[in-house]
Amino acid sequence: MKIAITSTGNSPDATLDSRFGRCSYFVIYDTESGSTEFIPNPNKQAMEGAGPASIQLVASKGVEKVVSGEFGAKVKAIFDSLKIQLIIVNDGTMTINKIIEMISKK
Amino acid sequence: MARPKKLRKITNPPKIKGFSPIRPFQGNGSSPVLLDYDEFEALRLSDYELKSQSEAAVEMGISRPTFARIYESARRKVGKSFVEGSPILFQGGPVYFTSEWYSCKDCGCWFNHLNKEDPVIVCPLCRSANTGQSEAIEETNK
């Protein structure tokens with residue numbers, strides 16, 4: 001299963017980005033192979049439509065769960081229709097490593 | 001010690017975070033008026049959905065006098081903001097959401113639950129079964 005996490009930086013030590021549509025990087029984590037892929041968000045500076053454009057990006061990677069700090073109302077409705085689970089982490093100091101560690105723990 | 005406030009039921013948090021005045025009054029930087037989510041919901045039910053106070057109170061799971069008190073407080077805050085030209089921020093309040101968000105009591109995250117037929121709800125992040133839907137969501141000032 002693949003999971004998308006919004007990140008502020010290009011490394012596993014970076015913290016979670018609290019925004020979804022305009023986060024700096026998306027981390028695509030594969031629970032089976034344990035691989036991570038960092039994708040710079042092309043919609044970071046977008047004036048509008050960053051949410052839906054970002055959804056398209058992560059959905060095209062085949063993720064089943066998305067971890068971020070916040071989701072807009074528009075974004076949530078689209079994710080619901082795509083059957084992708086949303087996870088909101090309120091702690092903005094959490095690193096990508098920590099989230100991966102938590103999520104892969106059985 | 002005062003009795004703790006009963007949690008107010010809110011369908012969804014407001015779509016925006018607040019309002020700021022156009023061409024604000026120069027001079028003292030007016031501090032924002034903090035409108036609690038329960039006050040926002042009271043305004044929404046009374047003045048947008050045009051429900052009676054009794055109906056609105058049932059919807060929020062509180063008594064009618066309590067609803068009236070929240071609604072009055074909301075109106076006063078809006079009035080204060082309009083007259084003094086201060087921004088309004090929506091935040092906090094003793095509320096819980098009835099939308100399909102769940103919260104995990106162990107790691108503190110929120111998540112939604114897509115497969116409604118699956119009754120056992122486990123936190124997708126830390127696998128804790130210690131989750132609940134009517135968890136109070138206390139927003140803190142950031």
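In which hand does H1(B) pass H2(B) in their crossing? I looked this up first and found a right-handed crossing of H1(B) with H2(B), the hand being right if the near helix is turned clockwise from the far one by less than a right angle and left if anticlockwise.

A note on what I am reading: this is a predicted model, where local features need pLDDT of at least 70, side-chain atom pairs count only at pLDDT 80 or more, and totals for chains, interfaces and linings use all residues. Residues are numbered from 1 along each chain as its sequence is written, while chains are lettered from A and ligands numbered from 1 in the order in which they are written.

Next, the helix pair. I see H1 (residues 37-48) and H2 (residues 53-60) of chain B pack at about 140°, with axes 9 Å apart; axes are lines fitted to C-alpha atoms, for helices over the stretch in contact, and angles run from 0 to 180 degrees between N-to-C directions. H1(B) and H2(B) are therefore oblique (not under 35 degrees, over 145, or 65 to 115). Helices (H or I, at least four residues) and strands (E, at least two) are DSSP runs, numbered from the N terminus.

Then the sheet. I found 3 strands of chain B in an open, mixed sheet, ordered E2-E4-E3; strands pair if DSSP finds at least two bridges between them. The edge strands are E2 (18-19) and E3 (33-35) of chain B. E3(B) pairs with E4(B) (residues 88-90) in the parallel sense over 3 bridges, and B:Leu34 stands opposite B:Leu89.
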